[in-house]
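Visitor: Please take me through the aromatic pairs of this model. I would like a close look at how the rings sit against each other.

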Amino acid sequence: MASSNAAKRIVFTGGSGKAGRHCIPYLLSKGHSVLNVDLVPLPHPTAHTLKADLTDSGQVFNALSSHFHLSHYENPRGPGGVGVEKPDAVIHFAAYARNLLVPDSECFRGNVLSTYNVIEAACKLGIKKVIIASSETTYGVCFAQGDADYHSFPLEEDYDNDPEDTYATSKLCGESCARSFARRFPGTDIYALRIGNVIEPH
């Protein structure tokens, strides 16, 4: 990549969700090309949505090595002038967004398996930048049973992670997957964002 300010090709999972549907227009406004991978279409004129089940590793590998739009078949730019150009980055926001949307076991299965599959595919396809959405719930206060409080405040990066709910545990497992793959694939930057409660600007 020539410049950090140059337009990038970004695969964004979960771009039709509460946070993603604001992130994708922002990325597009900065000149980046974005492919939304989600089960629900994003109503945006320049962001194509590819429907995929991220708990299926085969679908994830295909999605991360896909054209971004039908028009890209007319001008392939892969190795040797054929094939598909590799994305510069993957941003993984797709998840069950909280507890009690599905049974706990499905929340854990879906969130952990999809995160593992996305990171694995990105690393093995040689995509060097990966961002995953983790959560403030990993600190064990949000969704805690009863009246829980932080051990200390403000929070620091090394604050203890002691969740007691399924959603937070799934996010902590996702961070462990990220740490493991970062060790296995030196040169791949993987970031986990512990996002707070998402409040839309309207």
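Guide: This is a predicted model. It holds seven aromatic pairs. Take Phe143 and Tyr167. Their rings meet edge-to-face. The centres are 6.3 Å apart, and the planes stand at 85°. That angle is over 60 degrees, so the pair counts as edge-to-face.

Now place the two partners in the fold. Phe143 belongs to the loop between strand 5 (129–135) and helix 4 (166–184). Tyr167 is in helix 4 itself. The pair therefore ties together parts that are 24 residues apart in sequence. Exposure separates the partners. Phe143 is partly exposed, at 39% relative accessibility. Tyr167 is buried, because its relative accessible area of 8% falls under the 20% limit.

Next, Tyr150 and Phe153. This pair is tilted: the centres lie 5.6 Å apart, with 40° between the planes. An angle of 40° is neither under 30 nor over 60 degrees, so tilted is the class that remains. Tyr150 is partly exposed, with 23% relative accessibility. Phe153 reaches 65% and counts as exposed, because the cut-off is over 50%.

Tyr150 and Phe153 also belong to a cluster. Tyr139 and Tyr159 join them there, in one aromatic cluster.

One last ring has a charged neighbour. Arg9 lies over the face of Phe68. The distance to the ring centre is 4.0 Å.

Terms used: Residues are numbered from 1 along each chain as its sequence is written. This is a predicted model: local features need pLDDT of at least 70, side-chain atom pairs count only at pLDDT 80 or more; totals for chains, interfaces and linings use all residues. Side-chain values use heavy atoms; hydrogens and water are left out. Rings of Phe, Tyr and Trp (its six-membered ring) pair if their centres lie within 6.5 Å; planes under 30 degrees apart count as stacked, over 60 as edge-to-face and the rest as tilted. Helices (H or I, at least four residues) and strands (E, at least two) are DSSP runs, numbered from the N terminus. Buried means under 20% relative accessible area, exposed over 50%, partly exposed in between (1.4 Å probe, protein chains only). A charge sits over a ring if NZ of Lys or CZ of Arg is within 6 Å of the ring centre and within 35 degrees of the ring normal.
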